[in-house]
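Subject: Structure handover

Hello,

Here is the structure you asked about. My notes on it follow below.

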Amino acid sequence: MKKAWWKEAVVYQIYPRSFMDSNGDGIGDIPGIISKLDYLKDLGVDVVWLSPVYKSPNKDNGYDISDYCGIMDEFGTFADWEELVRQMHARGLKLVMDLVVNHSSDQHKWFVEARKSKDNPYRDYYIWRDPKPDGSLPNNWTSHFSGPAWTFDETTGQYYLHLFCKEQPDLNWENAAMRHDIYDMLRFWLDRGVDGFRMDVLQGYAKAPGLPDGAPVPGGPIGQEYFANQPRIHDYVQEMTREVFSKYDIMTVGETGGVKLEDARLYTGEDRGEVNMVFQFEHVDLGDEHSPKWFSPERVDIPALKKILSKWQTGLDGCGWNSLYFSNHDQPRQVSRFGDDGRYRVESAKMLATLLHTQQGTPYIYQGEELGMTNMAFPDISCYQDVQILNAWQEFVVEGGADPARMMRGIHLRGRDNARTPMQWSDQANAGFTSGKPWLGVNPNYKTINAEAEAKDPDSVLSYYKLLIAKRKKTPVVVYGSFREYEPENPYLYLYEREYEGQRLFVVLNMTGEERPLTLPEGVSAAGAECYIANYPDPALDRYTLRPYEAMAYLLQ
Ligand code: GLC
Ligand code: CA
C-alpha cells in the first residue's frame, strides 16, 4: 500500500460559528480560532477541516455561498484568514477548506445574473426547466430540506433546481465555463496556502440526463437515484484533479451521501485520479431506511453497525481509503447516539474513539467530540436555528399533523443543532465561548464537561484522545494494517485485528453498557501482548469479562 501523509494524519473539524468568539457578538470567528491553535497542537491533530468561512447570507450557516473568494464579515477579514494560515503553518498544522460547489447561494452574482433573463450569459450556470404542459413541476424530486427540489422564478417563467433549500440553487456541472470558473477559484485558494478541500455534496454535481422522476421514498428525498453518485460525476472529478488538484500536494475528501462501496472504489481508487477519500453514510443513516430520520428507532442495532463498518474496512483495503467518523456538524453527538451520554459517558466516548482510531482510514474528530460533548435537548422548537430542523418541523408537524412530542424526540436525537451548540472551553459564563449572547444555546453541562477541566484530568476523554493520536504516530500497523474481524455475529462485542509487516494489533470493544464475556479467538494469545490503549484501569486480555463499554487494544507477540 502506498504511504501518504493524509493517511497518517488525524483531522479535526472546526465549525467556525460555534468554536470560539473573539469579539463578544456571540458568533465564533477566525481570530477566535487563532486563539485556540495551541489547543489543537497540544491535542496532536495534523489537519484542520474548516467548515465554510466564505461570504454567505447564512440560510444554511455558510453552506450557501455568495462569494467564493471572500470571507464572511461575522468571521473576520481576509487578512484574518491569511493570519490563520500563517499561524497554522507555523505550528505544522494543515488547513483543509470546505468546497461547496454543488450549489451556490441565490445571492451569488452568477445566480443574480442568471435569473435576469433566459439569454443571460450566466443562465446556464444553473439548472432551469419549463413547467410541464399542465403547469406542474418539471419532475417529482424533493429537497434534502423538505418540499420540492424546484422553485418557480416569476421573471423568466421557469423553475430552477435546488437539492437543498430554495436559496441554494444547484450549479450546472454540464457547463464547461462554470466548471472552469470553479477551477480558477480553487487555484485562488491553493495559491494562498490551502492544503486541501472537503468537497460538500460531491455526490450531487452530476444529474442523470433528462432528470427522470424518482421512485417514492418514505424518508425522502425523492430522486436520489438520479441525482446522487451518477456515472458522470467521475468525469467531473477526474477533470478537476487533472486541471487543479494534481498540481498541488493536497488532501481531498468528498462528502458522498448515498455512496455505495462500488462507487467509493471509483472515487478513491489510487490509480483513478479522483479524490483521496470519501465520507460514506451507511453507518450514520442506520435505521433510516424506512422513514425520515426524525422517526427512526432510538438505538442502533450493533451487529448491523459492525457489519457496515467491517464491510468498508475490507472493501477498500488496498484499493481505496476510508474516512473514519461518527460525528460532524450534520450529525448528533456520537456519545449520545452510539454510546451512553449518562452513566457511562466517559467510558463510551473513549470506546467509540478507540474504534475510530484503530480502523484503517483517516480519523476525523469533530470539535467537542474530544471532550465527550453530548446532545442538547432544547425544550421548544423556537430554540432551534437549523434550516433542516425548522423546515422538517413545518413539513411534518405544522402541515403534516405529526405528533409534536414524537418529532421533538427525533430532533433531540438526530437534529443537527446537537453538534452546533458552542464549544465548551471552561466552566466560565457561556462555557468560555463568548462574552456576549451565544447565537445558539450553550449546553448547561459545560460546568463539568469542558476543555479546561479535562486538560487537568489524566482520565478525561480529552487525555484519552491525546494518547490515541500520539500512539498512532508511532504505530504503523494502526495506519496501514489490514483488517480482519472475529465473531461478526457477536451482538455485544466488536473484535478485530490489524496486521502490517509482522505487527499485529488486536482490538476488543464492548459496545454495550453491561458486562460481557470475552473468549479470545483462536490464534490470539494474551501471552506477551502489550497494551496499546485501554479505557479502564488494569486492563487484561485474559480476564474474560469486559466491563461496560470497555475498550482495549493490544499489540500481540
Ligand atoms: C452538506 C453539509 C451540510 C449542508 C449541505 C448543503 O451536507 O455538510 O451542512 O447543509 O451540504 O450544503
Ligand atoms: Ca465573533
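Cys 531 has a relative accessible area of 28% and is therefore partly exposed, since that class runs between under 20% (buried) and over 50% (exposed). Cys 319 is also partly exposed, because its relative accessibility is 28%. Searching the whole structure for disulfides gave 0. Please bear in mind that this is a predicted model.

Ligand 1 has 14 residues around it, and those that come nearest are Asp 60, Asp 200, Glu 255, His 329 and Asp 330. Sorted by class, the shell consists of 7 charged, 4 nonpolar and 3 polar residues. Three polar contacts to oxygen atoms of the ligand may be of use to you:

- Asp 330: a side-chain N or O atom is 2.4 Å from an oxygen atom of ligand 1.
- His 329: a polar atom of the side chain lies 2.8 Å from an oxygen atom of ligand 1.
- Asp 200: the distance from a polar side-chain atom to an oxygen atom of ligand 1 is 2.9 Å.

On its own, ligand 1 has 310 Å² of accessible area, and the protein covers 96% of that.

Which protein atoms are the donors of the calcium ion (ligand 2)? They are the OD atoms of Asp 21, Asp 25 and Asp 29, OD1 of Asn 23, and the backbone O of Ile 27, lying 2.2 to 2.4 Å from the ion. Along the chain, the spacing of these donors is D-x1-N-x1-D-x1-I-x1-D. Two of the donor residues, Asp 21 and Ile 27, are buried.

Gln 203 sits in the loop that runs between strand E9 (196-199) and helix H7 (224-227). Is this residue, Gln 203, buried or exposed? Gln 203 counts as buried, because its relative accessibility is 6% and the cut-off for buried is under 20%. Its side chain reaches the backbone nitrogen of Gly 257, at a distance of 3.1 Å.

Pro 517 is a contrasting case. This residue lies in strand E17, which covers residues 516-517. With a relative accessibility of 64%, Pro 517 counts as exposed, because the cut-off for that class is over 50%. Between Pro 517 and Arg 543 there are 9.1 Å from C-alpha to C-alpha, while in sequence the two are 26 residues apart.

Regards

Conventions. Residues are numbered from 1 along each chain as its sequence is written. Chains are lettered from A and ligands numbered from 1 in the order in which they are written. This is a predicted model: local features need pLDDT of at least 70, side-chain atom pairs count only at pLDDT 80 or more; totals for chains, interfaces and linings use all residues. Side-chain values use heavy atoms; hydrogens and water are left out. A residue is near a molecule or strand if one of its heavy atoms lies within 4 Å of it. A polar contact is a pair of N or O atoms within 3.5 Å; within protein, one must be able to donate a hydrogen and the other to accept it, and residues adjacent in sequence count only if both atoms are side-chain atoms. Accessible areas come from the Shrake-Rupley method with a 1.4 Å probe; for residues, only the protein chains shown count as cover. Ala, Val, Leu, Ile, Met, Phe, Trp, Tyr, Cys and Pro count as nonpolar, Asp, Glu, Lys and Arg as charged, and the others, Gly among them, as polar. Donors are N, O and S atoms within 2.8 Å of the metal (3.2 Å for Na, K and Ca); water is not among the atoms, so sites may look incomplete. Buried means under 20% relative accessible area, exposed over 50%, partly exposed in between (1.4 Å probe, protein chains only). A disulfide is a pair of cysteine sulfur atoms within 2.5 Å. Helices (H or I, at least four residues) and strands (E, at least two) are DSSP runs, numbered from the N terminus.
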